[in-house]
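Take a moment to turn the model around and get a feel for it. We'll start with the whole chain and then zoom in on a couple of residues.

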Amino acid sequence: MKIIPSKNPQKITYSQYKRYTPEKLELLDGNLLWNEQERMNLLLLLLYNVGLESFVQHLPKESRNELKSLLESIDEENSAKQGGLKRTRKRNSLQPHTSVHDWGIQEILDKMDKAIEKLYRRW
């Protein structure tokens with residue numbers, strides 16, 4: 001069960017609490033908890049419960065600016081990994097454009113799904 005924080009607060013179940021909360025809080029050499037994984041689990045649980053919107057609203061302006069910059073750089077990195085194609089001009093509304101269905105992607109995905117189902121049935 002993966003915790004995915006969203007814009008709005010979400011209630012935590014007892015099983016989520018048990019899974020993502022350490023048995024006790026400890027401060028070790030200036031670090032809360034034993035390792036980064038424990039810190040990230042607790043942070044994700046809190047963000048899940050508080051909601052991203054409330055979290056961002058409570059950040060100091062300097063932290064919001066830094067967060068915005070980090071998110072933009074991550075988006076740029078992901079874009080570069082995916083080929084780096086970006087729209088540099090507005091679409092001409094008079095020029096026809098194709099839809100995803102025109103490319104036959106949906107048909108390919110359907111065939112892949114059927115092939116995967118057949119593979120699982122064999123096992």
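Here is a walk through the fold, from the overall layout down to two backbone oddities.

First, keep in mind that what you're looking at is a predicted model. The protein chain has five helices and two strands. If you trace the elements from the N terminus, you'll meet them in the order α-β-β-α-α-α-α.

Now for the chain as a whole. Of its 123 residues, 12% are buried. The accessible surface adds up to about 11400 Å², and carbon and sulfur atoms supply 55% of that. What about contacts along the chain? Among those with a separation of 6 or more, 48% link residues that sit 24 or more positions apart.

Time to zoom in on the strands. Strand 1 covers 27–28 and strand 2 covers 31–32, and in the loop between them you'll find Asp 29. Asp 29 isn't a glycine, yet its phi is positive, at about 50°. Is Asp 29 buried or exposed? Its relative accessible area is 81%, and anything over 50% counts as exposed, so Asp 29 is exposed.

Keep following the chain past strand 2. The loop leading from strand 2 to helix 2 (36–50) holds Leu 33. Leu 33 also has a positive phi, about 75°, without being a glycine. Its surroundings tell another story, though: the relative accessibility of Leu 33 is 2%. The cut-off for buried is under 20%, so Leu 33 counts as buried.

Technical notes
Residues numbered from 1 in each chain as written. Predicted model: local features only at pLDDT ≥ 70, side-chain atom pairs only at ≥ 80, totals over all residues. Heavy atoms only, no water. Helix = DSSP H or I, 4+ residues; strand = E, 2+ residues; numbered from the N terminus. Buried < 20%, exposed > 50% of the residue type's maximum accessible area, 1.4 Å probe, protein only. Contact = heavy atoms within 4.5 Å. Areas by Shrake-Rupley, 256 points an atom, 1.4 Å probe, with all protein chains shown as cover.
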